[in-house]
Amino acid sequence: RKEAEKKRKEAEKKRKEAEKKKAAAENQFWSKLRKADLEHYLTVAKLSTKGTMFAQQITLYKYIKKNKVSAFRAADWNRLCKHVGLAANLAAEDSFRRVLKVMKKPKH
């Protein structure tokens, strides 16, 4: 019985670690943006920089989704690409597509 209990605990531990990794991967885009970066993009977009970091992420996410490429100038798209570790110095359209590919809805 002790052996079965031990195995069950190990399986539970592995499952929790896998969940953590998945959540981290999903939030990778957002975890690379510091609060100052977020506020820069919100300011460029003429949006409010009030609220928690999570609220700011949601605001930026909705704005980019809604406004598509025209959300920023090419320079800002490229800066955003650099911040999240993507290749930069592309046309706004290409940068936007790359950002969209890795940008998931922010989760807590």
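# A tour of the helices and their core

Start by selecting α2 (28-31), α4 (53-67) and α5 (74-83), which are among the elements that cover the buried residues of α3. The model on screen is a predicted one.

**Stop 1: helix α3.** Now select residues 35-44, which form α3. Which of its residues are buried? They are Asp37, Leu38, Tyr41 and Leu42. Looking along the axis, you will find these on the same side of α3, because they span an arc of only 135 degrees. In general, an α-helix has 3.6 residues a turn, so residues three or four places apart point the same way.

**Stop 2: α3 against α5.** Keep α3 selected and add α5. The two axes come within 12 Å, and they cross at roughly 165 degrees. Angles over 145 degrees count as roughly antiparallel, and α3 and α5 are therefore roughly antiparallel to each other. Which residues make the contact? On the α3 side, show Asp37, His40, Tyr41 and Val44. On the α5 side, show Asp76, Arg79, Leu80 and His83. The crossing of α3 past α5 is left-handed.

**Stop 3: the nonpolar core.** The largest nonpolar core has 23 residues. Within this core, Ile64, Phe72, Trp77 and Leu80 touch the most other members, so select these four next. Colouring by element helps here: α2, α3, α4, α5 and α6 (92-102) each give two or more residues to the core. Which element has the largest share? That is α4, with four residues.

Centre the view on Phe72. Leaving out residues up to four places away in sequence, Phe72 touches Tyr41, Val44, Ala45, Leu60, Tyr63, Ile64, Trp77 and Leu80. Two of the names in that list, Tyr41 and Val44, also belong to the α3 side of the contact with α5.

**Stop 4: two lysines in loops.** Go to Lys46, in the loop between α3 and α4. Its phi is positive, near 55 degrees, although Lys46 is not a glycine. Most residues other than glycine have a negative phi. Is Lys46 buried or exposed? Lys46 has a relative accessible area of 75%; exposed means over 50%, so Lys46 is exposed.

Then select Lys68, in the loop between α4 and α5. Lys68 also has a positive phi, near 50 degrees. With a relative accessible area of 46%, Lys68 is partly exposed.

**Stop 5: Lys82.** Move on to Lys82, which lies in helix α5. Lys82 counts as exposed, at 57% relative accessibility. Apart from neighbours within four places in sequence, Lys82 is in contact with Ala88 and Asn89. To pass on to α6, draw a distance from the C-alpha of Lys82 to the C-alpha of Ser95: the two residues are 9.9 Å apart in space and 13 residues apart in sequence.

**Stop 6: helix α6.** Ser95 is one of the buried residues of α6, along with Ala92, Phe96 and Val99. Where do they sit around the helix? Viewed down the axis of α6, they fall within an arc of 100 degrees, so they line one face of the helix. To see what this face meets, show α2, α4 and α5 again: the buried residues of α6 pack against these helices.

Terms used:
Residues numbered from 1 in each chain as written. Predicted model: local features only at pLDDT ≥ 70, side-chain atom pairs only at ≥ 80, totals over all residues. Heavy atoms only, no water. Buried < 20%, exposed > 50% of the residue type's maximum accessible area, 1.4 Å probe, protein only. Arc of directions from axis to C-beta. Contact = heavy atoms within 4.5 Å. Core = buried A, V, L, I, M, F, W, Y, C linked by side-chain atoms within 4.5 Å. Axes fitted to C-alpha atoms, helices over the stretch in contact; angles between N-to-C directions. Parallel < 35°, antiparallel > 145°, perpendicular 65-115°, else oblique. Left-handed = near helix turned anticlockwise from the far one by under 90°.
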